[in-house]
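Q: Please take one part of this model and go through it closely, then relate it to the rest of the chain. A plain account is enough.

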Amino acid sequence: MADSKRDYYEVLGVQKGASDDELKKAYRAMVKKYHPDLHPDDKEAEAKMKEVNEAYDVLSDKDKRARYDQFGFAGIDPSYAAGSGGGYPGGGFSGDFSGFGDIGDIFESFFGGGMGGFGGGRANPNAPRKGQDVKTQVQITFMQACKGTGVDIRVNRIEKCPQCGGTGARSGSSPETCPDCRGSGQVKVTQRTPLGMFQTTKTCERCGGTGRVIKDPCTACQGQGRIRKVLQKNVSIPQGIDDGQSLRITGEGDCGVNGGANGDLIIRVSVKPDENFEREGFDVYSEIPISYMQAALGDEINVPTIDGSVKYKIPAGTQNGDSFVLRGQGVPRLYRTGRGDHHVSVRVTVPRNLTKKQADLLRAFDDSLNDRNDSSRKSSWFK
Ligand SMILES: [Zn+2]
Ligand SMILES: [Zn+2]
């Protein structure tokens, strides 16, 4: 074709990656060469000048250049191209394009699938797809987290329709081959474009690309093959779980599509704080109140742990804030053997509302500490 369009870079005589300056320079050189003032009544120079102007107009515009680089002439603003009078192969350019908006629309009409049809963005409707994960939350007590427990959960999830077995067709019938696409899921479309007549394939609208139509839909799922159901289930929460952790039960989420795997059921566990015990990792922390006398003389005391009360001998002279460790009596390690430790911190309680007699005895006791001077005695008391 005599007037088939030349590549814009070729027209200006520059490389594809040419900088703006290089473009400008090339353009000026071309203008000097073909300017009509220099070539009066020269049709060829006039045409060349037109071609150069058009090329520069596109390449000097960042957006137009990007579209041209990606899509060629089809990527450029059609009104511009039509106005330039450039003869596109196939003809009828301006008329065909008048109804189109942006480049996305153009490709939609060219190839039937939108831009996503290229990069694989549009999923094949018959491809297996994994079901969605289903999430829920449970709250358990501190002790249940230590010991493990069973919890009843209730979640909505999508299951394969039990009535039609997932086909979507009323029982006794089955899906039929789509008459529009004869089961291929694709139909051929012939399209006139500025680049000529295109025959492209499009997803069949009648069957949505599945190649099958359901004449007599299942009443339970309205032909969807999947149905929303309530799942009630007792889930066992393992010992050692901590606040904010989640359990994932594989395959218990929404059912997959086209033979894809089911999603998972994810249970987030929140643990109510306990009034006696605190937890850090698998270690337990608690406080034990003892009397002033027990602290001074020592005693065997009962210490509450997550296994119940255990006996512990505190030595004479134990101070307020002293702590001891019950090894291996903390929280069982999640999914492992062994347990953390239990740290117990001693709180010495000071007697209140003493009777006169008690107060006198205490003073007598204080006086008995006569090997010390006043200030050190007081300071040792108040520590
Ligand atoms: Zn059904
Ligand atoms: Zn079809």
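A: Asp-42 caps the N-terminal end of helix H3, with a side-chain oxygen 3.0 Å from the backbone nitrogen of Glu-44. The model is a predicted one, and the distances given here are computed from it. H3 itself covers residues 43-59. Its 17 residues should span 24 Å at 1.5 Å a residue, and the end C-alpha atoms are 24 Å apart, so the helix agrees with the expected span. Buried positions in H3 include Ala-45, Met-49, Val-52 and Ala-55. Glu-54 and Tyr-56 are buried in H3 as well, as are Val-58 and Leu-59. As a general point, an α-helix has 3.6 residues a turn, so residues three or four places apart point the same way.

Another side-chain contact to a backbone nitrogen involves Gln-294, which is placed in helix H10 (residues 292-297). The side chain of Gln-294 reaches the backbone nitrogen of Ser-291 at 2.8 Å. Gln-294 has 18% relative accessibility and therefore counts as buried, the cut-off being under 20%.

The metal site is next. Four cysteine SG atoms, those of Cys-161, Cys-164, Cys-218 and Cys-221, coordinate the zinc ion (ligand 1) at 2.2 to 2.3 Å. The angles among the 4 donor atoms run from 105 to 116°, and the site is tetrahedral. For reference, the ideal angle for four tetrahedral donors is 109.5 degrees. The spacing of the donor residues in sequence is C-x2-C-x53-C-x2-C. Cys-161 sits in the loop between strand S2 (149-160) and strand S3 (176-177), while Cys-218 sits in the loop between strand S6 (212-213) and strand S7 (226-237), so this pair ties together parts that are 57 residues apart in sequence. Cys-161 is buried, at 1% relative accessibility, and Cys-218 is buried too, with a relative accessible area of 2%.

S2 and S7 also appear in the nonpolar core. The largest nonpolar core has 23 residues, and Ile-140, Ile-237 and Ile-241 touch the most other members. Strand S1 (134-140), helix H9 (142-147), S2, S7 and strand S9 (265-271) each supply at least two residues of this core. S9 gives the largest share, 4 residues. At least three residues of the core come from each of domain 2 (130-172 + 216-273) and domain 3 (286-350). In soluble globular proteins, nonpolar side chains tend to be buried together.

Definitions and conventions
Residues numbered from 1 in each chain as written. Chains lettered and ligands numbered in written order. Predicted model: local features only at pLDDT ≥ 70, side-chain atom pairs only at ≥ 80, totals over all residues. Heavy atoms only, no water. Donors = N, O, S within 2.8 Å, 3.2 Å for Na, K, Ca; no water. Tetrahedral: all angles 85-135°; square planar, octahedral: opposite > 155°, others 65-115°. Buried < 20%, exposed > 50% of the residue type's maximum accessible area, 1.4 Å probe, protein only. Expected span 1.5 Å × (residues − 1). Polar contact = N/O pair within 3.5 Å; in protein donor to acceptor, adjacent residues only side chain to side chain. Core = buried A, V, L, I, M, F, W, Y, C linked by side-chain atoms within 4.5 Å. Domains from an automatic or database assignment.
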